[in-house]
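Student: I'd like a close look at one part of this protein, the sheet and whatever packs on it. Could you walk me through it in one go?

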Amino acid sequence: AIDDQSDRKTFFAGVLLGLAFIMKQPGAAFGLFGALYVLSAGGWSQQKLRSSVRRLIWFVAGAVVPFAVTCLVLWRAGVFAKFWFWTFSYAYQYGTNLSASDGWRLFVKNFSEASLSAIALWLLAALGLTSFLWSRKARAHADFVLGLLFFSCLAVSPGLYFRRHYFILLLPVVSLLGGLAVSSASDLADDGKRAVLHYAAVVAFVIAFASSLYQDAYFFFQADSLSASHYVYPDDPFAESIVVANYIQQHSSPTARIAVLGSEPQILFYSRRRSATGYLYGYSLTEEQKYAATMQQEAISEIEAAQPEYVVFAWDWEIRPRSETAIIVWAKRYLAQNYELVGVMRVRDGLQLRSEEEIGRTPGNLRGALFLFRRTMP
């Protein structure tokens, strides 16, 4: 868009980066990067600045379109207030829960885990970051690449949670930096005098890529889907959710409502059953945030009104010192009065619903276990 000085392309570039915000709020960082780059790329002379401002207006107009359309659709559907609560009001509470020291601890732990799985490629990207010092060709693109790196880091950082999958937002710029390292080193070859650098750079990339594949060869080439899930998420009942969901699907009508108390909403998808409550994600209910008590009472009211045929209690709540726990106290009483235990699915326990008695005979970790209850009261 900038090379062609095209208002139309600039508008659609804005639309695409506006979609990043719709996907996940931190994606706004990419839109901000795009806006600043559009403004600065044209130059700062009076004539060029006027042209850049015009293109910036086109870019911002495009970036606003996805959000504006989303708001309009949700307003017409009558759920705009709920949308605003989850997207901004609650999101603000979620994003301000951790201290700087908590954030630093999580960053050190999770970034090391994320990067060490392909350490050679990350080192190659680090080399690309130095190329601005020794490559004239790289310096010509410094504004774009360094700007994208800075705003990619911003996109990873909101809330200071730094979960491993958050670093996916760094992969585009890390890929560019890796490519920049290889191409810049290749360009150092001149008149055949240092031609070996060209081949060395290509070989270095091949080795980095191959070593990263080799590091996780089991995951990429040997593990089936079940083993791969347990390999990446050893304490989460993702594969086990399918078994529980299949049981619900086979023993209930397509119109039956179910409730998942915890944070395994994929059970609703796998079972093809609708939820008895709008609260599909349990962690938010026990976070130390001011809406927790109100949210719990709303979830309780929705479940009691719907009288779900099945309830899955997932033992994966995050309870902190100041967490509101009324919903857990209620759940124990409500389930005891109105439901019977069908079975327990423990993580990595043979993909079989076992009785409470069987579980008692084979002690093990109940972290992530799924307790399936069937309604007995009419």
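Tutor: Let's fix one term before anything else: a residue is called buried when its relative accessible area is under 20%, exposed when that area is over 50%, and partly exposed in between. With that cut-off, buried residues make up 39% of the 378 residues in the protein chain. Keep in mind that this is a predicted model.

A quick bit of context, then. The protein chain has 17 helices and five strands, and its C-alpha trace spans about 85 × 50 × 40 Å along the principal axes. Of the contacts with a separation of 6 or more, 68% are between residues 24 or more positions apart.

Now to the sheet. The five strands make an open sheet in the order 2-1-3-5-4, with mixed pairing. Strand 2 (274–275) and strand 4 are at the edges, and each has a single partner strand, so one side of each lacks a neighbour in the sheet. As for what holds such an arrangement together, strands of a sheet pair through backbone hydrogen bonds, either parallel or antiparallel.

Both kinds turn up here, and strand 3 is a good place to see them. Towards strand 1 the pairing is parallel, with four bridges; Ala259 stands opposite Val311 of strand 3. Towards strand 5 it is antiparallel, with five bridges. You can follow that register residue by residue: Val312 has Leu372 of strand 5 as its bridge partner, Phe313 has Phe371, and Ala314 has Leu370. Strand 5 then carries on to strand 4, again antiparallel, through six bridges. Phe371 comes up again on that side, as Val344 stands opposite Phe371.

How covered are these strands? In strand 3, five of five residues are buried. In a regular strand the side chains alternate between the two faces of the sheet. Here, Tyr310, Val312 and Ala314 point one way from strand 3, while Val311 and Phe313 point the other way, and all of them are buried. Strand 5 is mostly covered too, with five of its six residues buried.

So what packs on the sheet? Helix 16 does, touching strand 1, strand 3, strand 4 and strand 5, and its direction makes about 115° with that of strand 4. Let's take that helix by itself for a moment. Helix 16 covers residues 326–338, and at 1.5 Å a residue its 13 residues should span 18 Å; the end C-alpha atoms are 18 Å apart, so the two agree.

Next, look at which way its residues face. Ile327, Ile328, Trp330, Ala331, Tyr334, Leu335 and Asn338 are the buried ones in helix 16. They cover an arc of only 155° around the axis, which puts them on the same side of helix 16. Turned away from that buried side is the face carrying the exposed residues Val329, Lys332, Ala336 and Gln337.

And what is doing the covering? For the buried residues of helix 16, the cover includes strand 1 (257–261), strand 3 (310–314), strand 4 (339–345) and strand 5 (370–375), along with helix 15 (292–306). That brings us back to the sheet, with a helix added to the list.

For contrast, step away from the sheet to two valines in other helices. Val182 is found in helix 9 (residues 171–187), and it counts as buried because its relative accessibility is 17%. Leaving aside neighbours within four places in sequence, Val182 is in contact with Leu124, Ala201, Val202 and Phe205. Val203 is 21 residues from Val182 in sequence, and their C-alpha atoms are 9.4 Å apart. Val206, in helix 10 (residues 195–215), has a relative accessibility of 47%, so it counts as partly exposed. From Val206 to Pro363 it is 157 residues in sequence and 48 Å in space, C-alpha to C-alpha.

One last thing you may be wondering about is the cysteines. A disulfide here needs a pair of cysteine sulfur atoms within 2.5 Å, and by that rule the count comes to zero disulfides. Cys71 is buried because its relative accessible area is 15%, whereas Cys153, at 35%, is partly exposed.

Terms used: Residues numbered from 1 in each chain as written. Predicted model: local features only at pLDDT ≥ 70, side-chain atom pairs only at ≥ 80, totals over all residues. Heavy atoms only, no water. Buried < 20%, exposed > 50% of the residue type's maximum accessible area, 1.4 Å probe, protein only. Helix = DSSP H or I, 4+ residues; strand = E, 2+ residues; numbered from the N terminus. Expected span 1.5 Å × (residues − 1). Arc of directions from axis to C-beta. Contact = heavy atoms within 4.5 Å. Pairing = 2+ DSSP bridges. Axes fitted to C-alpha atoms, helices over the stretch in contact; angles between N-to-C directions.
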